[in-house]
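Biologist: Could you walk me through this model, a step at a time? I am new to reading structures.

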Amino acid sequence: MFKYFNPNKVFFITSKAPKYVLILFIIVFTIGLIESLILSPEDYKQSHSVRIMYVHVPAAWITLGIFSTITLFSVFGYIFKNPNFFLISKSLAPSGFIFNIIALVTGSIWGKPTWGTWWAWDARITSMLILALFYGIYLLAWRIYQTQDQAFKVTTIITILGIINIPIIKYSVDWWNTLHQPASINILSKSSIHESMLFPLIIMTAAFALFSLLIFLMKYNTELIKIKNKGLDRL
Amino acid sequence: MYGRKVKLRFFFVLSIFVILVLSIFLVLKSLEENVVYFKSPSEIKNSPEFQKNKLRVGGMVKKNSILINSDEINFIVTDFKNEINVIYTGVVPNLFEEGKGVVAEGYLKDRNFFIASKILAKHDENYMPPEVKAAMEGK
């Protein structure tokens, strides 16, 4: 199965993909912006400040998704000793980190007019900050450890430590009293967000996912080119 | 079908993960007091000792309980079992309203009176356009 992850074969696709992903991203992002800024209604309670949600929530989803993916690839890379998996993890991390920061900053901007504070040390917000620190340490580890073997091991440990935080982030609003409100969207039950607001939210999530994919492909190609320049035939 | 080393590494990662989950669970369990952002009026009334330090109390603003004087706001925080009177001087957030969630930060005067130095609005997870809300209330 792993032979399909052979970088030489993958590079044919990944080197051509970014421009198509970029075009798709621009289209979806434009639709998302028009939907969320103009066409979607204002909230009955928060009026126009609800529009921050269309950036805040997708950014938070994407950052959680990316960290989970990084962990999956790192652990599989470690167990099966597949260096390519580590490259995928490494290339995913920057966009995850950026979306984490975006989620924190937009949350802060949203918190001021609605809750009345920029920052609160409640479980959801604090655990999200811890995730940002994990991203930071993860990215630093790749810079600090020059030898591949060391970097692989250290980053795997960091991701395993960090993944415990993901369910804590998800369920913090249900387990403890938090200032942050509980989740509006449930897979199993009806979501407490009106359809006219749900649609732009999904479009924006798709746009952010495409953006992450774009950045990932660019980073990944860079990594592959670096390896080719070192004169290594394969990983 | 996989080599011995692969299996070994798999169980190594798995055991690290299980140990971590257990330890984090125990740590959070013992720190629960500090993880919760606010206490409910019931928890304050039923706590064996009177708390002198700064704390946060959260719940719903009781309907028809907001009294605005020239220099202070009085209201009742309720969790539908117990209530606590809150006195506050200052600006309230936009979403502070009767029948909505609130978190007050401050000190207890006694078990029924709370002097707040900061008011935060806790909004719920419902989002809908005003027309839908009006239609729902019209029913």
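Biologist: In which hand does helix 4 of chain A pass helix 8 of chain A?

Modeller: This is a predicted model, where local features need pLDDT of at least 70, side-chain atom pairs need 80 or more, and totals for chains, interfaces and linings use all residues. Residues are numbered from 1 along each chain as its sequence is written, chains are lettered from A and ligands numbered from 1 in written order, and side-chain values use heavy atoms, without hydrogens and water. Helices are DSSP runs (H or I, at least four residues), numbered from the N terminus. A crossing is left-handed if the near helix is turned anticlockwise from the far one by less than a right angle, and right-handed if clockwise; for helix 4 and helix 8 of chain A it is right-handed.

Biologist: Is E223(A) buried or exposed?

Modeller: Buried means under 20% relative accessible area, exposed over 50%, and partly exposed in between (1.4 Å probe, protein chains only). The relative accessible area of E223(A) is 8%, so E223(A) is buried.

Biologist: How far apart, N to O, are the side chains of E223(A) and K226(A) in their salt bridge?

Modeller: A salt bridge is a side-chain nitrogen of Lys or Arg within 4 Å of a carboxyl oxygen of Asp or Glu. Both E223(A) and K226(A) lie in helix 8 of chain A, 3 residues apart, about one turn of the helix. K226(A) is partly exposed, because its relative accessible area is 44%. The N to O distance between E223(A) and K226(A) is 4.0 Å.

Technical notes. Helices (H or I, at least four residues) and strands (E, at least two) are DSSP runs, numbered from the N terminus.
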